[in-house]
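Q: Hi, got a few minutes to go through this one with me? I'd like to start with backbone oddities and then work outwards.

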Amino acid sequence: MNNSEKYLYNRYNKKEKDFVMWMAFPGIYSFSMSSLGYLWMFKLIDETENINIERICSDTQNTRYNVSDVNLFGFSFSFDMDFLTIFSMLEKYNIPLKSSERGDYPLIFAGGPVVSANPQPYKEFFDFFVIGDGEEINIQAANICKQTSCKDDALKKLSELEGIYVPKYPKKVKKLTNKLSKCVYTPILSENAFFKNTFILEMSRGCANRCGFCLASYLNLPLRSVPYEELINTINLGLSYTNKIALLGAQISAHPKFHEVCKYIYDKIIAGEKIEMSVSSLRVDAITPDVVKTLVAAGQKNSTLAIEAGSERLRKVINKNLTEEQIFNAVKIARDNGLKGLKFYGMIGLPTETEKDIYSIIELAKKLKQKFKGFDISFGFSSFVPKPNTPFQWIGRENTKSLENKANYLKKELHKLGIVAHISSIKWDYWQAVLSRGDESLTDFLIEAYKNGGKLGAFKSAAKKYKIDANYFATQNYKYDKYLPWDFIEIKPGKEFLQKESIKLLNQN
Ligand code: SF4
């Protein structure tokens, strides 16, 4: 696909052209080359005998295979708004959007966090969905499609597999959870990747912290960690190709050997190896002198710290349980060991939030500014979006006007303190919430929003045209006994647990 690509595994070259799969990334090439999950799925199928696979991105110009040669077409679906790019990619190859109108076209499926949590708004566009970790099931599904010439027979067989949801043959679907005995890493390096020539490796999957709003945690329970030896071998594999490595995981600091891994890399740097290392956002407990020293030695100047809310009360409600003392201690360690700045991530509109909580953010920022003069402090905020399969799935988000008021207030007050604050678009977050808790009634609305250009106005007019009560999905509180569109997906720890947890968290006031 691109001359700058370097494969870190042996490709299987003796394949007949008997079965062709396209694996699509709903974004541009450079982003696809930094998407670990997408590249890893590609590698696993690329290594499978007799399945020819080609990567397709939104900016792909030429393909090795024609669409008429393709037998199976899979999309990675990681963000709610990915459907817009997926539709444009289908249209680019003249493929009808609805699966019922596709006749002889290949079977089209999707996998990834969005559809694993709630595939229902998209059920008319895909023939099947992979629910959960796709490492093994993708290969199994491709083999079934390869061995079964009739599309409908293939779908029937697929519907019998654990972790596959076929809308035409609905049933209870169990989310797949893989062990993490092998380390997932960037199998193809590229000069043109968004993170140029960077070897990313997954240290752990999931997060045991279980913040009430967090899909990354609840969709990936239990927390799984790659064994230390395997990690070290993978790091060495990466370092034999590039000097840039990135450690990935929602809670890498919870890896039982996180500090040993940092020390391993630190010792190499001290011994003279030129290694650039970065880590995904840090939790407060990861900010220890050793870790910060390693990051600084590996060229990192700034890092991010997710505090979510300004007051201890609200942090308790969301299960973040982080004291102000811990925050100040972390900033001190970061500064004293060489970092130049920290970006704090927060969320507005969290359940039970009051004006006092918003004011606490300003107070916290003021104190940080005073205590750590010269240290670069900035803030980033998004607004609360209720996510399926989390304890806050029943809680509607606050209305757009009042969230925008809060956002403007924060921006203005932080600006007065000389602090830059980036705030996500409240209006886009609203539509994200509609999709997040949506159901199949959104089908034509999604097509219309796409056809009208996919901007905010297009969503609004599409909702009007198809009489979609968007507030019902985005802002309404649901009763605990309500049947939810995604309830047919079995995800541990289950709805009963989520309800108990929800009641417990919300009553901590
Ligand atoms: S600590 Fe971060 S990743 Fe873990 S549950 Fe909370 S928000 Fe999610």
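Q: How exposed is arginine 210, and what is the reason for that label?
A: Happy to start there. This is a predicted model. Arginine 210 counts as partly exposed because it has 18 C-beta neighbours inside 10 Å, while the buried class begins at 20.

Q: And what is its phi, that of arginine 210?
A: Phi of arginine 210 is positive, about 55°, although the residue is not a glycine. You'll find arginine 210 in the loop between β11 (204–205) and α7.

Q: Which residues sit around the ligand?
A: Arginine 210 is one of them. The others listed are Cys207, Asn209, Cys211, Cys214, Ala216, Ser217, Ala250, Gln251, Arg283 and Ala306.

Q: How does that shell around the ligand split by class?
A: The shell has 6 nonpolar, 3 polar and 2 charged residues.

Q: Back to phi for a second. What about lysine 467?
A: Lysine 467 also isn't glycine, and its phi is positive, near 50°. The residue lies in the loop between α17 (456–465) and α18 (470–474).

Q: Is lysine 467 buried or exposed, and why?
A: Lysine 467 is exposed, because 8 other C-beta atoms lie within 10 Å and the exposed class covers 12 or fewer.

Q: Now cis peptides. What is omega for the bond from leucine 221 to proline 222?
A: That bond is cis, with omega near -5°. Proline 222 sits in the loop between α7 (215–218) and β12 (224–225).

Q: And what about the bond from lysine 492 to proline 493?
A: The bond between lysine 492 and proline 493 is cis, and omega there is near 10°. As for location, proline 493 is in the loop between β19 (489–490) and α19 (495–506).

Q: Switching to strands: how do β16 and β17 pair?
A: In the parallel sense, over 8 bridges. β16 covers residues 341–348 and β17 covers residues 376–383.

Q: Which residue in β17 is the bridge partner of lysine 343?
A: Serine 378 is the partner of lysine 343.

Q: What lies between β16 and β17, and what unit do they make?
A: Helix α13 (residues 355–371) joins them in a right-handed β-α-β unit.

Q: How many bridges join β17 to β18?
A: There are 3 bridges, and the two strands run parallel. β18 spans residues 421–423. For a specific pair to look at, glycine 380 has histidine 422 in β18 as its bridge partner.

Q: Which helix goes with β17 and β18?
A: That would be α14 (residues 400–416), and the β-α-β unit it makes with β17 and β18 is right-handed.

Q: Zooming out, what domains does the assignment give?
A: The domain assignment of the protein chain gives domain 1 (5–174), domain 2 (197–300) and domain 3 (302–494).

Q: How far apart are the C-alpha centres of domain 1 and domain 3?
A: Those centres lie 31 Å apart. The contact takes 15 residues from domain 1 and 20 residues from domain 3.

Q: Which elements supply the domain 1 side of that contact?
A: α3 (82–92) and β8 (173–174) each supply at least two residues there. α3 gives the most to the side of domain 1 that touches domain 3, with 3 residues.

Q: And by class, what is on that side of domain 1?
A: The side of domain 1 touching domain 3 has 8 nonpolar, 2 polar and 5 charged residues.

Definitions and conventions
Residues are numbered from 1 along each chain as its sequence is written. This is a predicted model: local features need pLDDT of at least 70, side-chain atom pairs count only at pLDDT 80 or more; totals for chains, interfaces and linings use all residues. Domain bounds come from an automatic or database domain assignment. Two residues are in contact if their C-beta atoms, placed from the backbone, lie within 7 Å. Helices (H or I, at least four residues) and strands (E, at least two) are DSSP runs, numbered from the N terminus. Ala, Val, Leu, Ile, Met, Phe, Trp, Tyr, Cys and Pro count as nonpolar, Asp, Glu, Lys and Arg as charged, and the others, Gly among them, as polar. A residue is near a molecule or strand if its C-beta atom, placed from the backbone, lies within 6 Å of it. Two strands pair if DSSP finds at least two bridges between them. A crossover is right-handed if, with the strands pointing away from the viewer, the path from the first strand over the helix to the second runs clockwise.
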